[in-house]
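Reader: Please take me through this structure, term by term. I want each label set against its cut-off.

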Amino acid sequence: MPAEMGNGVGQQTVGHQVEVQCFGILVQVCGASRHAVEVTALPATVASVLERLAEDVPAVRDHLAHTACAIGDQIVKRDALLNAGETLVLLPPVSGG
Amino acid sequence: MHEQASNPTGPVASAPVQDAGQPVRLTRQALELDPLLGATESPECGALVVFAGTVRLHNDGRRVTAINYSAYAPLAEKAIAEIEQATLERFDITRCEIRHRIGDLAIGDMSVVVVVRAPHRAAAFEAGRYAIDTVKHQVPIWKYETYADGSHAYVKGCALHAG
């Protein structure tokens with residue numbers, strides 16, 4: 001957790017931007033691989049960042065049920081918290097091999 | 001992907017794996033079998049199974065001219081390492097090494113290689129199948145196909161376990 005977050009939870013930071021990184025089909029849906037999403041408080045839950053993204057890009061909503069989320073090298077649940085400086089990574093269905 | 005499996009029994013040349021540091025499971029370079037075969041040689045093993053996925057000319061009735069593979073590298077590298085370890089724990093095998101290429105690939109290029117060595121062939125075949133199936137389901141990599149008519153599309157895939 002970045003130093004400026006102090007002890008974090010519940011701390012209000014108005015107008016903070018969170019970076020969302022998209023892969024696969026979501027790059028097409030969102031029109032770019034990276035998006036800045038405005039949130040009113042940090043840390044923010046993954047669910048709240050996804051909701052803000054869906055407000056900006058309504059078409060993304062159809063994909064969210066099949067999309068995993070990651071922070072760093074960890075897949076996280078929707079109630080995980082995103083701290084200042086962290087990027088939310090969206091991983092739609094995979095097709096490697 | 002076409003599937004290729006072989007079980008060569010002859011000696012293989014010894015060669016270093018990629019570089020002296022950590023193995024690189026995700027690479028933009030062309031995949032090469034010889035270094036992997038050399039690095040995994042073992043006198044305890046009577047079976048070597050190699051699976052290679054190669055870029056196919058057709059997919060879903062459309063003529064493919066090229067594929068771009070993209071990956072979320074921090075997680076993909078880790079996921080492949082975990083699949084190697086899970087395969088080692090699940091089957092009576094000695095080695096499991098997986099490499100996946102990303103970037104722009106042409107028809108016929110190898111996109112993924114799985115090398116399994118085991119004392120006996122049954123476990124080696126089963127482990128190789130398990131490893132490639134798991135790669136297809138659990139590694140954050142995406143195919144973006146280009147078709148003969150100039151159009152493009154991401155290939156439909158398997159959902160990762162979302163939290």
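Author: The questions below run from chain B and its core to charges, rings and cysteines.

Author: First, the ground rules. This is a predicted model, in which local features need pLDDT of at least 70, side-chain atom pairs count only at pLDDT 80 or more, and totals for chains, interfaces and linings use all residues. Residues are numbered from 1 along each chain as its sequence is written, chains are lettered from A and ligands numbered from 1 in the order in which they are written, and side-chain values use heavy atoms, with hydrogens and water left out.

Reader: What makes up the secondary structure of chain B?

Author: Chain B has 3 helices and 10 strands. Helices (H or I, at least four residues) and strands (E, at least two) are DSSP runs, numbered from the N terminus. In sequence order the pattern reads β-β-α-β-β-β-α-β-β-β-α-β-β.

Reader: How much of chain B counts as buried?

Author: The share is 45% of its 163 residues. Buried means under 20% relative accessible area, exposed over 50%, partly exposed in between (1.4 Å probe, protein chains only).

Reader: What share of the chain B contacts with a separation of 6 or more joins residues 24 or more positions apart?

Author: That share is 74%. A contact here means heavy atoms within 4.5 Å.

Reader: Which residues touch the most other members of the largest nonpolar core?

Author: B:Ile93, B:Ile98 and B:Val139 do, in a core of 32 residues. The elements giving two or more residues to this core include β3 (47-54), β5 (62-71), α2 (73-90) and α3 (121-138) of chain B. The top contributor is α3(B), with 6 residues. A nonpolar core is a set of buried Ala, Val, Leu, Ile, Met, Phe, Trp, Tyr and Cys residues joined through side-chain atoms within 4.5 Å.

Reader: What does B:Ile93 contact beyond four places in sequence?

Author: Its partners include B:Leu88, B:Val116, B:Pro119 and B:Ala127. There is also a second, separate core of 25 residues, with A:Val18, A:Val60, A:Leu82 and A:Leu88 among them.

Reader: Why is the pair A:Arg34 and A:Glu19 called a salt bridge?

Author: The term asks for a side-chain nitrogen of Lys or Arg within 4 Å of a carboxyl oxygen of Asp or Glu. A:Arg34 and A:Glu19 come to 2.7 Å, N to O, so the rule is met. A:Arg34 lies in strand β2 (residues 34-39) and A:Glu19 in strand β1 (residues 16-22) of chain A, 15 residues apart. A:Arg34 is partly exposed at 43%, and A:Glu19 is partly exposed at 31%. Over all chains the count is 12 salt bridges.

Reader: Is B:Arg101 buried or exposed, and how do you know?

Author: B:Arg101 has 13% relative accessibility, so the residue counts as buried. Its salt-bridge partner is B:Asp109, at 3.6 Å, N to O. B:Asp109 is partly exposed at 24%.

Reader: Where do B:Arg129 and B:Asp133 lie?

Author: Both lie in helix α3 of chain B, 4 residues apart, about one turn of the helix. Their side chains meet in a salt bridge at 3.0 Å, N to O. B:Arg129 is exposed at 53%, whereas B:Asp133 is partly exposed at 30%. Elsewhere, shared partners join B:Arg25, B:Glu77, B:Glu84, B:Arg95, B:Glu97 and B:Arg99 into one salt-bridge network.

Reader: How many aromatic pairs are there over all chains?

Author: There are 4. One of them is A:Phe23 with B:Tyr72, at 5.4 Å centre to centre and 50° between the planes.

Reader: Why is the pair of A:Phe23 and B:Tyr72 called tilted?

Author: Rings of Phe, Tyr and Trp (its six-membered ring) pair if their centres lie within 6.5 Å; planes under 30 degrees apart count as stacked, over 60 as edge-to-face and the rest as tilted. At 50°, this pair is therefore tilted. The pair crosses between chains. A:Phe23 is buried at 10%, and B:Tyr72 is buried at 7%. With B:Trp142, these two form one aromatic cluster.

Reader: What makes B:Arg62 a charge over a ring?

Author: The rule wants NZ of Lys or CZ of Arg within 6 Å of the ring centre and within 35 degrees of the ring normal. The charged end of B:Arg62 sits over the ring of B:Tyr147, 3.9 Å from its centre.

Reader: Why does A:Cys30 form no disulfide?

Author: A disulfide needs two cysteine sulfur atoms within 2.5 Å. The closest sulfur to that of A:Cys30 is in A:Cys22, 3.8 Å away, so too far for a bond. For B:Cys96 the closest is in B:Cys45, at 12 Å, also too far. A:Cys30 is buried at 9%, and B:Cys96 is buried at 3%. The search finds 0 disulfides over all chains.
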